[in-house]
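This report describes a protein chain together with its ligands. Please view the sequence and the structure below before reading on.

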Amino acid sequence: MNRVFIKTYGCQMNERDSEAVAAMLRARGYRIVQDENACDVMLLNTCSVRDMAEQKAIGKAGYLSQRKKRNPRFVIGILGCMAQNRGAALLDALPDVDLIVGTQKFHQVPDHLDNLRAAQEAGAVLPTRIVDIAEEAGSQNTIKDHLLPQDEPGRAGTPLPADASGSQPSTLNSQPGSGSEPLPQVTAFVSIQQGCNMDCAFCIVPKTRGDERSRPMDEIVRECEELADRGVREITLLGQIVTSYGRRDYQHTGGVSPFVQLLERVNAISGIRRIRFTSPHPRGFKDDLVAAYGRLEKLCEYVHLPMQSGSDRILRLMNRPYSRDRYRQIVDDLRRVRPDMYFSTDIIVGFPGETAEDFEQTRALFEACNYDMAYIFKYSIRSGTPAAELADQVPDEVKEERNQILLRLLEQNSDRRNATLLGTTQEVLVEGPDKKGLGYMGRTRGNRIVHFAAHERLIGELVPVKINRASTAVLYGELELAGVEP
Ligand code: SAH
Ligand code: F3S
């Protein structure tokens with residue numbers, strides 16, 4: 001009765017949280033299984049950023065009730081943002097759920113499962129339910145254990161299930177960690193901060209994730225060193241607003257912000273070969289961070305810089321404290337430091353009151369920035385956020401039309417970029433076998449996925465790959481290693 005299946009909805013933060021829960025459960029003697037039909041406990045790690053993501057998890061939990069009717073000992077848990085957002089009220093809609101655990105309580109999941117099992121074994125007459133969504137001081141430091149081969153020897157090739165589509169539809173590519181990285185693990189997410197204090201008018205995250213809290217820099221660096229010792233070569237630093245990292249805890253030194261100091265320290269770890277981060281806020285993207293791209297050789301020339309809107313009027317309504325000109329300036333400055341920079345972004349179309357003219361400003365800025373990748377979202381009302389109260393909601397068909405316009409532009413950009421890559425040799429970090437098991441996959445520094453023939457011993461190596469074919473989302477190539485047979 002100890003087989004656990006974790007289904008993850010939403011962003012990389014959720015994937016990271018699921019990994020940490022899995023590691024803690026393993027340490028407690030639970031088995032993390034990959035087949036949802038062969039588990040005793042199903043945990044849904046949920047997303048609240050848009051209504052669609054919540055509906056998916058609610059639908060899944062409702063469906064699982066049937067399974068519980070057949071097997072009353074089957075345990076259903078809801079973790080993460082929706083658990084935090086809706087709390088015990090979820091039990092009204094989903095009476096068969098046993099466990100509700102909020103975003104500051106992931107580390108309590110093993111205890112709660114132990115208690116549920118003990119109650120079952122004691123033959124509790126009434127169902128035992130646990131709801132744990134309180135705030136907890138220091139909880140930003142609890143997500144640090146990693147799912148690595150050492151945790152479960154001999155279980156190579158068993159990544160966690162992940163469903164990025166809940167949070168990130170309209171993608172042409174996928175972000176690190178959303179594919180099936182086999183073990184040994186080559187890339188890792190490292191959480192550097194929890195929560196957010198920005199209060200963007202559309203966003204539920206400050207409510208679901210709480211106040212912005214940073215992890216101590218020494219601890220993050222130690223975690224990265226440990227990961228490097230265990231074979232990880234690429235680190236993605238994660239937070240809701242990484243550019244604010246440590247602003248209350250550390251001084252600027254010589255004009256260098258705490259976040260850039262952290263990048264410097266990770267850059268100095270010898271086993272680490274590549275660094276990425278997500279997400280910065282345009283407001284905090286200062287010259288010291290731009291300059292870091294010119295001097296930190298491991299910092300990949302790929303930036304995810306959420307724009308949200310290209311209209312100054314809408315940005316103000318969104319409570320996003322920057323202008324379209326400032327945004328454009330950051331992009332230009334970065335391209336000046338790294339002409340080969342790759343950009344991705346988040347856009348919301350159909351924010352309340354967005355006129356055709358506002359959207360045209362977004363479209364024009366989107367085109368000018370020449371993104372390689374973008375997550376384009378149709379505005380979704382989140383109750384409890386300031387924007388939910390705004391009149392002038394944009395009709396669905398208009399949102400869809402604007403969505404399609406940006407998607408088409410993105411596809412053109414991606415194809416144009418691919419055309420420039422054909423015939424070139426790119427440095428690729430070999431992550432492991434591709435999903436179909438036909439060959440291997442890795443990423444360029446620009447975060448493009450590349451498929452090619454390779455050998456298991458090259459996993460974790462940076463190799464030159466000559467690009468000879470491209471689809472919109474994926475590149476195909478051949479290893480160019482003298483003397484190494486694929
Ligand atoms: N600070 C985080 C944002 C998390 S939410 C980060 O930058 O990673 C991820 C994205 O979801 C946001 O950037 C925004 O584009 C989108 N989003 C947030 N709330 C939304 C809403 N109510 N409707 C549609 N999209 C939304
Ligand atoms: Fe949300 Fe804005 Fe923070 S998008 S997570 S409130 S920076």
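A polar contact is a pair of N or O atoms within 3.5 Å; within protein, one must be able to donate a hydrogen and the other to accept it, and residues adjacent in sequence count only if both atoms are side-chain atoms. The model is predicted: local features need pLDDT of at least 70, side-chain atom pairs count only at pLDDT 80 or more, and totals for chains, interfaces and linings use all residues. Residues are numbered from 1 along each chain as its sequence is written, chains are lettered from A and ligands numbered from 1 in the order in which they are written, and side-chain values use heavy atoms, with hydrogens and water left out.

The contacts of ligand 1 are tabulated here.

| Atom of ligand 1 | Partner | Distance |
|---|---|---|
| Oxygen | N or O atom in the side chain of Arg50 | 3.3 Å |
| Oxygen | N or O atom in the side chain of Ser279 | 2.7 Å |
| Nitrogen | Polar backbone atom of Ser380 | 2.8 Å |

Of the 550 Å² of accessible area that ligand 1 has on its own, the protein covers 88% (Shrake-Rupley method, 1.4 Å probe). The shell around ligand 1 receives two or more residues from each of β13 (342–349) and β14 (373–378); strands are DSSP runs of E with at least two residues, helices are runs of H or I with at least four, and both are numbered from the N terminus. In total, 14 residues surround ligand 1, the closest being Gln240, Ser279, Gln308, Asp346 and Ser380 (a heavy atom within 4 Å counts as near). By class, this shell holds six nonpolar, four polar and four charged residues; Ala, Val, Leu, Ile, Met, Phe, Trp, Tyr, Cys and Pro count as nonpolar, Asp, Glu, Lys and Arg as charged, and the others, Gly among them, as polar.

Two of the closest residues have notable backbone geometry. Ser279, in the loop between β11 (274–278) and α9 (287–295), is joined to Thr278 by a cis peptide bond with omega of about -5°. Gln308, in the loop between β12 (302–304) and α10 (312–317), has a positive phi near 70°. Most residues other than glycine have a negative phi, and most peptide bonds are trans.

Ligand 2 is surrounded by residues including Cys196, Cys200, Cys203, Gln240, His281 and Arg320. Its shell divides into seven nonpolar, two polar and two charged residues.

The protein chain as a whole has 13 helices and 19 strands. Its radius of gyration, 22 Å, is close to the 23 Å that the globule rule gives for 486 residues, so the chain is as compact as a globular protein of that length (taken over C-alpha atoms; the rule is 2.2 Å times the number of residues to the power 0.38).
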